[in-house]
Amino acid sequence: MKKILIIDDESQILLLSSNRLRVNGYAVITASSGEQGLEKAKKEMPDLILLDQVMLGMDGGEVLDHLKKDPLTKLIPVLMFTADVKEVKVGEAQKRGAADCLFKPFSSEELLDKVKEVLNKKP
Amino acid sequence: MTINPKMKKRSPKQPRSKKKAARLRRLAEPYGKPFGEKQCHGFCRLTSDMIQVFKVEGALLDANPAWYQALGYKEKDIPQLSVFNVIHPRDRKEAEDVFIAVLRDGKPRKFQATFIGKSGKELKVEGAVSRFLHQGRPFALSGVFHDVTRYKHYDQLKGEFISTVSHELRTPLTVIREGISQIRDELLGPVPDNQKAFLDMVLQNSDRLGRIIEELLDVSRLEGGQVNLHRRRCDLVEVAREVAKDFKPIAQRKKLEILADFMPDAIEIYIDRDKIVQVLNHLIHNALKFTDKGHIKIHLRIREGFVECKVSDTGKGIAAKDLPHAFQNFSQFERMAGPGDRGTGLGLSICKKLIELHHGRIKIESVPSKGTTATFLLPQYNHREYFKAAIREAIGRCEGKESPLSVIIFDILDFEALEKKLGVRYVERIVLKMEKIINEALRRVVDVAIKDAKAIMVLLPETSRESAFTALGRISQILEDYLARDQKTLGIEVHGNVVCFPQEAKTLEEILDRIYS
């Protein structure tokens with residue numbers, strides 16, 4: 001079973017997406033802040049990290065930088081959530097090492113498709 | 001207000017009756033100088049519009065009190081001033097183009113710009129520029145402008161408000177939609193059918209609300225001028241075919257036919273493909289929605305410099321009284337009550353703005369109970385115009401950003417000899433293919449490769465000379481690999497060079513000169 005870590009400071013989104021992913025056969029761990037997310041990433045070594053771009057405290061971009069700098073976590077693919085205008089942010093996030101982006105508001109189908117796609121891309 | 005047209009005719013060549021002239025002089029004198037000496041007098045001194053008169057190359061000749069007051073200059077500053085000192089650097093190129101055009105054909109033209117006062121204060125203005133003749137030859141230009149800073153500011157506030165509200169609505173809407181959808185999909189336990197029907201109703205409406213939010217955001221971005229087109233050359237016939245294909249299943253369900261009437265079978269055009277697809281999607285969707293029997297027809301033609309696209313249906317039509325409001329935000333009419341396929345009333349307004357952004361036009365005609373036809377026209381460019389437009393967009397993207405625009409030019413060596421050897425059509429196909437290969441190799445959405453007759457230009461906004469040379473090396477290798485793969489193309493040699501804006505060329509004309517020299 002693939003393990004997915006979701007990092008988002010909106011507890012309701014966290015609850016809903018983890019529920020949806022669990023039902024579809026993934027093991028899900030959640031973190032409600034960037035700091036907690038980094039800790040859990042190192043401890044649990046998930047197959048995929050879902051990361052919200054806009055968070056209080058350490059934001060998604062910073063978390064991504066830390067993940068990509070650490071040799072332990074740098075190979076874990078990261079899927080970013082963003083509410084921003086598409087094209088600009090995709091390029092930026094991917095330059096910083098994200099595997100892909102999801103645009104808010106996204107449907108559960110989009111989430112599941114993207115998760116599957118990114119997990120399959122992994123060498 | 002435009003400058004009093006009668007004034008232009010008052011050149012010394014046209015004598016008027018002495019009595020009339022004296023009367024006019026008396027009228028003008030209390031407000032300033034007599035006729036003949038200065039161009040700004042009489043009514044010009046009274047108006048709150050800013051008026052400036054300037055020589056063709058830019059030197060200011062005269063201005064009215066409203067102009068001095070708005071910009072903070074004194075009359076004695078005039079001899080040292082050029083009209084370009086007053087216009088924001090961002091608008092100078094456009095100003096130049098407008099002035100030259102007015103000078104050439106004498107037709108007054110509307111002009112929007114930001115003016116800069118003596119103290120550096122910025123003023124958004126709108127107005128018109130017209131031409132003065134002296135002894136039959138263009139002598140000076142006059143501009144009449146009014147200050148629209150306040151209105152622009154309100155517009156901006158409105159735009160920001162809509163976009164903030166829309167962003168804030170997205171997250172709660174995501175939670176509502178996903179929460180209901182998980183209950184509906186029985187993720188939390190079994191749900192009886194009658195409850196499912198209610199949940200479906202909630203889902204449909206939250207989707208509709210989501211669409212309204214997205215479209216409101218589109219409208220506010222379009223109205224706020226925040227939408228940049230990423231124009232590419234593409235084949236409109238192919239685009240239309242693809243969009244029509246997506247609608248086949250819906251049409252079949254309603255037992256409607258989608259007919260295609262395309263002439264010729266390929267129409268090359270310079271557009272932001274995604275945006276035009278959005279327009280076509282909306283027009284075809286509308287046509288299907290309001291048609292119960294008959295067909296939907298998509299028609300493409302070339303008409304004197306324009307490409308014409310018509311989407312017509314045999315549906316219920318729009319009442320004559322409603323037609324003039326078709327492009328207004330939130331206008332919906334003849335809608336059937338009940339759930340299901342409900343629109344937002346923003347689609348046509350978005351279409352109009354997208355088409356206008358492409359310098360095109362859109363209109364709707366309708367005969368009640370016979371059908372509706374939506375027609376849009378998009379300008380057709382030749383290679384040179386296409387390249388000019390692309391360069392202008394690229395320069396715009398770089399301005400205010402400290403970083404230059406680099407242009408790589410790939411020249412095809414011994415072009416004429418190649419054409420003789422391989423045939424004109426064959427060489428044209430290869431150049432087109434190379435343009436495609438380069439476009440595929442480019443990494444950012446803002447980069448674009450455009451073919452001219454015997455060269456391919458690559459525009460790289462916000463790219464330094466060094467980075468442009470790195471890109472040149474990479475693309476050259478890809479081109480060489482392509483040319484080496486085919487026996488016939490073996491004789492073709494390509495030479496690449498880089499021109500950097502603004503270091504090596506300051507204006508659009510200079511860039512073009514550098515490129516075509």
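In helix H3 of chain A, which spans residues 60-69, the residues Gly60(A), Val63(A), Leu64(A) and Leu67(A) are buried, where buried means that 20 or more other C-beta atoms, placed from the backbone, lie within 10 Å of a residue's own, exposed means 12 or fewer, and partly exposed means in between. Helices (H or I, at least four residues) and strands (E, at least two) are DSSP runs numbered from the N terminus. The four residues are on the same side of H3(A) because they cover an arc of only 100° around the axis, the arc being that of the directions from the helix axis to the C-beta atoms. Among the elements that cover them are strand E1 (3-7), helix H2 (34-44), strand E3 (48-52) and strand E4 (78-82) of chain A.

This is a predicted model, in which local features need pLDDT of at least 70 and side-chain atom pairs count only at pLDDT 80 or more, whereas totals for chains, interfaces and linings use all residues. Residues are numbered from 1 along each chain as its sequence is written, while chains are lettered from A and ligands numbered from 1 in the order in which they are written.

Where the chains meet, 13 residues of chain A are in contact with 15 residues of chain B, two residues being in contact if their C-beta atoms, placed from the backbone, lie within 7 Å. On the side of chain A that touches chain B, helix H1 (11-23) and helix H4 (86-95) each supply at least two residues, and H1(A) gives the most, with six residues.

In chain B, five strands form an open sheet in the order E7-E9-E10-E12-E11, with mixed pairing; two strands pair if DSSP finds at least two bridges between them. The edge strands are E7 and E11 of chain B, each of which pairs on one side only. At one edge, six bridges join E7(B) to the parallel strand E9(B), residues 295-303, and Glu257(B) has His295(B) as its bridge partner. At the other edge, E11(B) and E12(B) run antiparallel and are joined by seven bridges, with Ile364(B) standing opposite Ala374(B).

Which residues of strand E11(B) are buried, and which are not? Ile362(B), Ile364(B) and Ser366(B) point to one face and are buried, while Arg361(B), Lys363(B), Glu365(B) and Val367(B) point to the other and are not. In a regular strand the side chains alternate between the two faces of the sheet. Three residues separate the strands of the hairpin of E11(B) and E12(B), and in this loop lies Ser369(B), which has a positive phi of about 65° although it is not a glycine. Ser369(B) counts as exposed because it has 9 C-beta neighbours inside 10 Å.

Helices also lie against this sheet. Helix H9 of chain B (residues 236-253) lies across E7, E9 and E10 of chain B, running at about 170° to E7(B), where angles run from 0 to 180 degrees between N-to-C directions and axes are lines fitted to C-alpha atoms, for helices over the stretch in contact. H10(B) packs on the sheet too, touching E9, E10 and E12 of chain B. H10(B) also packs against helix H11(B), residues 347-357, at an angle of about 145°, with their axes 10 Å apart. Residues making this contact include Val279(B) and Leu283(B) of H10(B) and Leu354(B) of H11(B).
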